[in-house]
Structure formats: C-alpha cells, structure tokens
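Please examine the sequence and the structure shown below. The paragraphs that follow begin with one residue and then turn to the ligand.

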Amino acid sequence: MTTVDSLSAKDLLGIEPLSRDEIQLILDTARTLSDVAKHPIKKVPALRGRTMVNLFYEASTRTRTSFELAAVRLSADVVNINVQASSVVKGETLLDTARTLEAMTVDFIVMRHGSSGAPHMLARNLKASVINAGDGQHEHPTQALLDLYTVREKLGSIEGKTITLIGDIQHSRVARSDLIAFTKMGAKVRFCGPPTLLSADFGALGAEVHHDLKSALTGADVVYVLRLQFERHRMGLMPSVKAYTQQYAITSERVKWAKPGALVMHPGPMNRGVEIAPEVADGPTSVIVDQVANGIAVRMAVLYLLEAGRTKRAAAGGVS
Ligand code: NCD
C-alpha cells in the first residue's frame, strides 16, 4: 500500500525527483487503467475538457503515439506539434514557443528535445504540467516507468532482481532513467558496453560497470538491449559496427548466459542484426511488444496523477 494518492510536483521531468511511493502509485494506477484498453469503448472521462500538446523537437513514433493514445483514452483533447529542428533550438526560441502555448491555455505539454534540461526550462515558465518525453542524453522518465511496470508484471517483483543494460550507455537517456528507477525500487543494475560507450563514471551513480558481456549477463533476470545512438556519436567512438556486433550483439547463444527465462527488453527503435539478433527480439522471453502496450497504461497513469495533484493544489488554494 502506498501513502500518496497523487503526484506532488506540477511536472514529470525525471525519475530522480520521484519518491518510491510515488513510483509505486504510478505502477498501481497503470495496472488499474490498463483495463480501459480491454473495454469495448476504450475511454474513461477522467481528463474531459483538458488539452495536451505533444511538442517533439526530435523524431519519435512510439513515444508520441503512446502519449496521444493515453490522453485520448482519458478523453483529453490532443494537439501534435512536430518541430523537426535541424539545428539546435536556442533558449529564446523555446521560450517564445512556451509563451505561445501558455496563451492557448493548454494543460499538459509533453516535450522531447535534443538538449538536456529543455523541458525543465519550459516547466519553470509555464503553469501547464510539463512531461519530459526525453531530453538529450539526460532522462526519459516514462520509458523507465514502463520498464519497471513490465518487469513487475512479468517477474512478479522488481526488488532483488538484476537488470543488465547492454549497448550505447553513454548516449542513452533510457539507461540513465532506468538506472535511477530500478535502483530506487531495490533492483541491481549492471551496465555493459565498450569503454568508449560506457565510462567508468557510471560506477559512482550506482551501476555495476562491465565491459565483458558474459560476466554482465551471468545471473541477470533482465537482458535490456540498447540501440547504438549514431546520431549522437562524435567520430571514432567505435572501430566499426561489425566489431561492436561481434563482441556485444545479443544472440540466441549469448542470451543463455543470463538466468534461464530471463526477459529480453528493448526501448525501440531496434536495429535488428546490429545490437540484437532477430530470433532473440522475436523469441519466447522477449517482452518488447509488451513494453509498447504497457507504455500507454503507464502514460495514462502519469497524466491522471498529475491532474489529481493539480486538483488537490487548486482545492488547497494554490496555483493549479
Ligand atoms: C529511446 C529514446 O528516444 O530515447 N526510444 C524511445 O523513446 N522508445 C531510445 C532510442 O532512441 O534508442
């Protein structure tokens, strides 16, 4: 049982500020809300009259669609703004966008941006609730929440489990958010990759750092595969993709190094044949498709609980 019944902050900017009770509440609420998808009419009226804007400065298919479906299933209205910025968007432009949106009285802004801290800047300047859908190499909180949810649903609990993330840890906001989230909930997190894509600094943040795949996978309950984030690489981080694949790709032989029945996870988009073999991605212990389905329920829970917090603060006489 949790002792909280809403999210205390106006925004969801990262996993870091969430308490363990708040995470538990999100997971429990997601479980309840996942039933909505099974109804003949996949909708509840919780956010009727509310407006959510998807403001994406970086490419996205599943995260943007997932937020949109989550909002629609709670009866909110959704507007999509796709800003495919080719150069870095500077603070001033962002603030102008924020002020324009504020003038249109939107309630939720879901933002993805290439610069770490961009959603934080919006959140400071807006009354709307800002949800971080990925900021640079920093955080991707709803991905980590859906990962927690998936592990809890499939393995029964998170506490005491060993989660091994393999790949381009250095450039991955998913890896950072997962490290904080799984550690907070009592799991052990291992990171594995070549030294150029995984610096020893992660040890100080609580991860076990491995450069050898076999040792990283031995005893793991979850094999979590990450994409090589080529768009973020400077020159010379890897000798070649082939060399990476030879040493670190998760194949059906290598996955056996983990515990029998270990879950295989990936946040998508996957590069089949590079970081993961197709037969592993589609194998019996892969929960990659479940992650996508669970993402909707978890994002519904986040929207619902942020709204509950706003209602509570308004009733207490604060700013909603
Ligand atoms: C991730 C992202 O954008 O951070 N994807 C996602 O949200 N499902 C990971 C990635 O791009 O590799």
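**From one residue to the ligand**

In this predicted model, Arg-227 is found in the loop that runs between strand E8 (222-225) and helix H8 (241-248). Is Arg-227 buried or exposed? Its relative accessibility is 17%, and a residue is called buried when this value is under 20%; Arg-227 therefore counts as buried. Leaving aside residues up to four places away in sequence, Arg-227 touches Asp-168, His-266, Pro-269, Asn-271 and Glu-275.

Arg-227 is also one of the residues that surround the ligand. Others in this shell include Arg-62, Thr-63, His-140, Gln-143, Arg-173, Val-174 and Gly-268. Sorted by class, the shell consists of three nonpolar, five polar and four charged residues.

Which atoms of the protein lie at short range from the ligand's oxygen and nitrogen atoms? The side chain of Arg-112 has an N or O atom 3.0 Å from an oxygen atom of the ligand. For the side chain of Gln-229, the corresponding distance to a ligand oxygen atom is 2.8 Å. Pro-267 takes part through its backbone, where an N or O atom lies 2.8 Å from a nitrogen atom of the ligand. Taken alone, the ligand exposes 310 Å², and the protein buries 94% of that area. Helix H2 (62-73) and helix H6 (173-184) are the elements that give two or more residues to the shell.

Where does the ligand lie with respect to the domains? Domain 1 (20-140 + 292-315) and domain 2 (141-288) both contribute residues to the shell, so the ligand lies between them.

Terms used. Residues numbered from 1 in each chain as written. Predicted model: local features only at pLDDT ≥ 70, side-chain atom pairs only at ≥ 80, totals over all residues. Heavy atoms only, no water. Helix = DSSP H or I, 4+ residues; strand = E, 2+ residues; numbered from the N terminus. Buried < 20%, exposed > 50% of the residue type's maximum accessible area, 1.4 Å probe, protein only. Contact = heavy atoms within 4.5 Å. Near = heavy atom within 4 Å. Polar contact = N/O pair within 3.5 Å; in protein donor to acceptor, adjacent residues only side chain to side chain. Areas by Shrake-Rupley, 256 points an atom, 1.4 Å probe, with all protein chains shown as cover. Nonpolar A, V, L, I, M, F, W, Y, C, P; charged D, E, K, R; others polar. Domains from an automatic or database assignment.
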